[in-house]
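Let's take a look at how charged side chains pair up in this protein. Have the structure open as you read.

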Amino acid sequence: MTPIHIIGGGLAGSEAAWQIAQAGLDVVLHEMRPVRKTDAHQTDGLAELVCSNSFRSDDSEQNAVGLIHHELRQLGSLIMTCADAHQVPAGSALAVDRDGFSNAVTHALESHPRISIERQEIAGLPPEDWDKVIIATGPLTSPALSEAVLEKSGEDALAFFDAIAPIVHFDSVDLSKAWFQSRYDKVGPGGTGKDYLNCPMDRDQYEAFIDALLAGETADFKEWEGTPYFDGCLPIEVMASRGRETLRHGPMKPMGLTNAHNPDVKAYAVVQLRQDNALGTLYNMVGFQTKLKYGAQADIFRMIPGLEDAQFARLGGLHRNTFLNSPKVLDHGLRLKADPRLRFAGQITGCEGYVESASVGCLAGLFEVMEARGQDIVPPPETSAMGALLGHITGGHITREDGAGKPGSFQPMNVNFGLFPPIEAPTRDADGNRLKGKDKARAKKLAMTRRAKEDFSVWRASVGLRNQAAE
């Protein structure tokens, strides 16, 4: 049997390669770095994390992201295995040492007997003699391949801006002003409840900071004018422009935090930094994606109490992401309708987020395995996290009309409970008392995640996939 070719060695491509190889099929993984570099990557490692180092919530009972973690682990995900092995403290989130994580993924793929890695750019459409191809080139797809795919599909790509947060050297943080604490002292995987560095601001400091953000010089991207931002990764100065209090109710909210140096005074706003590597020498500024010019970044961010002498290992940046109009051009098995030998995975399909990309890569790999075995492609149930995300990608809202009479457009999406089918949730607790407010919301989420886990387990068994998490 001819090998399955995968173009792109990011999270999706790496996961797809692993799933296929583990099923006993040969894979050729094509990664253009370091032959051709991108604007966002800094290494030639596979599955390099170019933005945050967080895989977000690991709570599989109350969070859709945590649920997708659970499902990936059930399928023996390489991405989750390496993330778990290289986690760093991050409260209730799963965050990783980005270099250790990438190195582990790279080593696993390079040492697998069924996987060959070729460092080359695939310019244009893959050769016709490649029978099966997964394109997992991510949001930074090379222009030649992007244009060829779009010409084949007959659709225009959509695009949005994505911003990167700065990383600070820990030893340059003033610990007489900053303190360690997770919000509400919540303990997460590998954490202690004191997993974030917190820098407090009083009202005057906050107002001066907002003024500086709004006046700061930003990078010039005239050639990308008209490109929208993805709301899940807005630059800090764009959030500030939407209202002076926006940041206090977003990444700088002070709730659940008590200043260890001055516990009787409530901070007006708090900047949080999260550990970025296993050594604890680097911390990234949570939610501080930016398109400010480098000089402006350093000056403005040093206004933050505790960061007056901050040294930056990396300043923030901005790049443009592209993705397909997937509900129109892809079928339920992620194949290009215009050329079914081409299957797509990862952010190019219109999912957003690390684990979302990995999960779509996982599904693309499993669908290739199903085809190779002569099985019908059976997607996971829409009640599961992976099934709900796949449903958004292959059946998103593309015909809905808005108030202006314009067709609704397909937009990138993180996994969330809004993508799941409704469920009848308990209305009373074990003592017969009516559930209200947060208790009612928690009961509904728990009902959804329990249904998801049960349905996902049935699906996994029905398509002949082992419960690898239990082995």
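Start with Asp-339, which forms a salt bridge with Lys-152, the closest N and O atoms being 3.9 Å apart. Asp-339 sits in strand β17 (residues 339-344) and Lys-152 in helix α5 (residues 143-153), so this pair ties together parts that are 187 residues apart in sequence. Asp-339 counts as buried because its relative accessibility, 11%, is under the 20% cut-off. Lys-152, on the other hand, is partly exposed at 32%. Keep in mind that you're looking at a predicted model.

How many salt bridges are there by this rule? The count comes to 18. Here are some of them:

| Acidic partner | Basic partner | N to O distance |
|---|---|---|
| Asp-339 | Lys-152 | 3.9 Å |
| Asp-276 | Arg-98 | 2.7 Å |
| Glu-368 | Arg-343 | 3.0 Å |

Glu-368 belongs to helix α10 (residues 354-372) and Arg-343 to strand β17, so their bridge links parts 25 residues apart in sequence. Both of these residues are buried. They're also part of one network, joined by salt bridges that share partners, with Lys-132, Asp-331, Arg-335 and Glu-371.

Now for the Asp-276 and Arg-98 bridge, with its 2.7 Å N to O distance. Asp-276 is in the loop between β12 and β13, while Arg-98 is in helix α4 (residues 98-110), so the pair ties together parts that are 178 residues apart in sequence. Asp-276 is buried at 2% relative accessibility, and Arg-98 is buried at 10%.

That loop also holds Asn-277, which is buried at 12%. A polar atom of the Asn-277 side chain lies 3.1 Å from the backbone nitrogen of Leu-282.

Note on methods:
Residues numbered from 1 in each chain as written. Predicted model: local features only at pLDDT ≥ 70, side-chain atom pairs only at ≥ 80, totals over all residues. Heavy atoms only, no water. Helix = DSSP H or I, 4+ residues; strand = E, 2+ residues; numbered from the N terminus. Buried < 20%, exposed > 50% of the residue type's maximum accessible area, 1.4 Å probe, protein only. Polar contact = N/O pair within 3.5 Å; in protein donor to acceptor, adjacent residues only side chain to side chain. Salt bridge = Lys/Arg side-chain N within 4 Å of Asp/Glu carboxyl O.
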